[in-house]
Amino acid sequence: MPSAVIIGAGPGLGLSMARRLGRENYDVALVSRNPGRHAPYLEELKAAGIKAAAFAADVRDPRALGEALDAAERAFGPADFVYYGPSPHQASERAAPVTEITGTEVADAMGSVYPAVDVVAKVLPGMRERGTGTLLFASAISALLPVPELGAMAVPAAAARGYAVTLHAALAKEGVFAGALVIGGLIRNSDIHGAMAEAGAADAKFLLDPDRIADIAWEFARARKSPEVVVLPGRKGLGINALLTGRLWRAPKKNARAAKAA
């Protein structure tokens, strides 16, 4: 059986990715920082006929993360599919506008990106030796389009995407696929969704179904045709060229109307 490692296994997309990969006959290792949440995840996966185990590690703790990956390999063998999508910050943290952030805040936000490089260093040699494997990294739409309100959190999104697409270019001829899953909305059932809903700030028009994202992520990784896919509310996954073409195509029309009015 192939094995998958879900890093950042929470109630939203992490669990949906576990279910989706389990349906593709992967054994699934869940890695998250809160072991108290693992039991219901494992029960749900077991009820669906998916073989899974959970390991506690905060990605910001290199030793704990390495030990979790070693334990996952002992349980299920070398990783064939790695999904890296830990929350970049505590859901309760306030995002200061980009005009008010400090270097310290950016460095703290980047703490969720550096471990991705350590994960790759851990699993990639085996994938290259076997000539196959998948590395999928979650990012946010602020990696592509400016969202000033996110402040420091926009920086790790861009870094994660840049790292993923650069890995894609480096590994394209080796049988190992790397890609970026760029998420342009609020993931239903995620911790951040819960916090925003409690504060009355979860706009329904921006919600994304995590099961739908997981389906798009699987098809994207299986097809191996592009270094990234963009998932937007109410639409199918879009390649970055389609997204940017749409924005650039609309901009001249808007400018033309303004010129005519003047």
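User: What makes both faces of strand E9 count as covered?

Analyst: Happy to go through it, with the reminder that this is a predicted model. Strand E9 covers residues 228-231, with Glu228 and Val230 on one side and Val229 and Val231 on the other, and all of them are buried. In a regular strand the side chains alternate between the two faces of the sheet. Buried here means under 20% relative accessible area, and E9 has residues that meet this on each side, so both of its faces are covered.

User: Which strand does E9 pair with, and what makes that a pairing?

Analyst: Strand E6, residues 176-183, runs parallel to E9, and four bridges join them. At least two bridges are needed for a pair, so the four found here qualify. One of the residues involved is Leu181, whose bridge partner in E9 is Val229.

User: Why is E9 called an edge strand?

Analyst: Look at the whole sheet: it is open, with seven strands in the order E3-E2-E1-E4-E5-E6-E9 and parallel pairing. E9 and strand E3 (52-56) each pair on one side only, and they are the edge strands. On average, neighbouring strands of this sheet are turned by 15° against each other, direction ignored.

User: How many bridges join E1 to E4?

Analyst: There are four bridges between strand E1 (residues 3-7) and strand E4 (residues 81-84), which run parallel. At least two bridges make a pair, so E1 and E4 count as paired. Ala4 stands opposite Phe81 in E4.

User: Which helices lie across these strands, and at what angles?

Analyst: Helix H1 (residues 13-23) lies across E1, strand E2 (27-32), E4, strand E5 (133-140) and E6, and runs at about 175° to E1. Helix H5 (residues 114-130) lies across E1, E4, E5 and E6, at about 160° to E5. Angles over 145 degrees count as roughly antiparallel, so that term fits H1 against E1 and H5 against E5.

User: Why are H5 and H6 described as they are: roughly parallel or roughly antiparallel?

Analyst: Their packing angle is about 20°, with the axes 13 Å apart. Since angles under 35 degrees count as roughly parallel, H5 and H6 are therefore roughly parallel to each other. H5 passes H6 in a right-handed crossing. On the H5 side, Ala116, Val117, Val120, Leu124 and Arg128 meet Tyr163, Leu167 and Leu171 in H6.

User: What about H1 and H2: which term fits them?

Analyst: H1 packs against helix H2 (residues 38-47) at about 25°, with axes 10 Å apart. That angle is under 35 degrees, so H1 and H2 are roughly parallel to each other. The crossing is right-handed. Leu15, Ala18 and Arg19 in H1 meet Tyr41, Glu44 and Leu45 in H2.

User: Which residues touch the most other members in the largest nonpolar core?

Analyst: Val5, Ile7, Val82, Leu135 and Phe137 do, in a core of 39 residues. Helix H3 (residues 62-76) gives the most to this core, with seven residues. Apart from it lies another core, of 31 residues, including Ala18, Leu21, Ala217 and Ala221. In soluble globular proteins, nonpolar side chains tend to be buried together. As for Phe137, its contacts beyond four places in sequence are Tyr84, Ala116, Val120, Tyr163, Ala164, Leu167, Gly179, Ala180 and Leu181.

User: Why does Pro156 count as it does: buried or exposed?

Analyst: Pro156, which lies in helix H6, has a relative accessibility of 4%. The cut-off for buried is under 20%, so Pro156 counts as buried. Leaving out residues up to four places away in sequence, Pro156 touches Ala109, Met110, Ser112 and Val113.

User: What makes Asn25 and Arg224 stand out in their phi values?

Analyst: Most residues other than glycine have a negative phi. Asn25 has a positive phi, near 70°, and Arg224 also has a positive one, about 55°. Asn25 sits in the loop between H1 and E2, while Arg224 is in the loop between helix H8 (210-223) and E9.

User: How exposed are Asn25 and Arg224, and why?

Analyst: Partly exposed covers values between the 20% and 50% cut-offs. Asn25 has a relative accessible area of 47%, so it is partly exposed. Arg224, at 33%, is therefore partly exposed as well.

Notes. Residues are numbered from 1 along each chain as its sequence is written. This is a predicted model: local features need pLDDT of at least 70, side-chain atom pairs count only at pLDDT 80 or more; totals for chains, interfaces and linings use all residues. Side-chain values use heavy atoms; hydrogens and water are left out. A nonpolar core is a set of buried Ala, Val, Leu, Ile, Met, Phe, Trp, Tyr and Cys residues joined through side-chain atoms within 4.5 Å. Buried means under 20% relative accessible area, exposed over 50%, partly exposed in between (1.4 Å probe, protein chains only). Helices (H or I, at least four residues) and strands (E, at least two) are DSSP runs, numbered from the N terminus. Contact means heavy atoms within 4.5 Å. Axes are lines fitted to C-alpha atoms, for helices over the stretch in contact, and angles run from 0 to 180 degrees between N-to-C directions. Angles under 35 degrees count as roughly parallel, over 145 as roughly antiparallel, 65 to 115 as roughly perpendicular and the rest as oblique. A crossing is left-handed if the near helix is turned anticlockwise from the far one by less than a right angle, and right-handed if clockwise.
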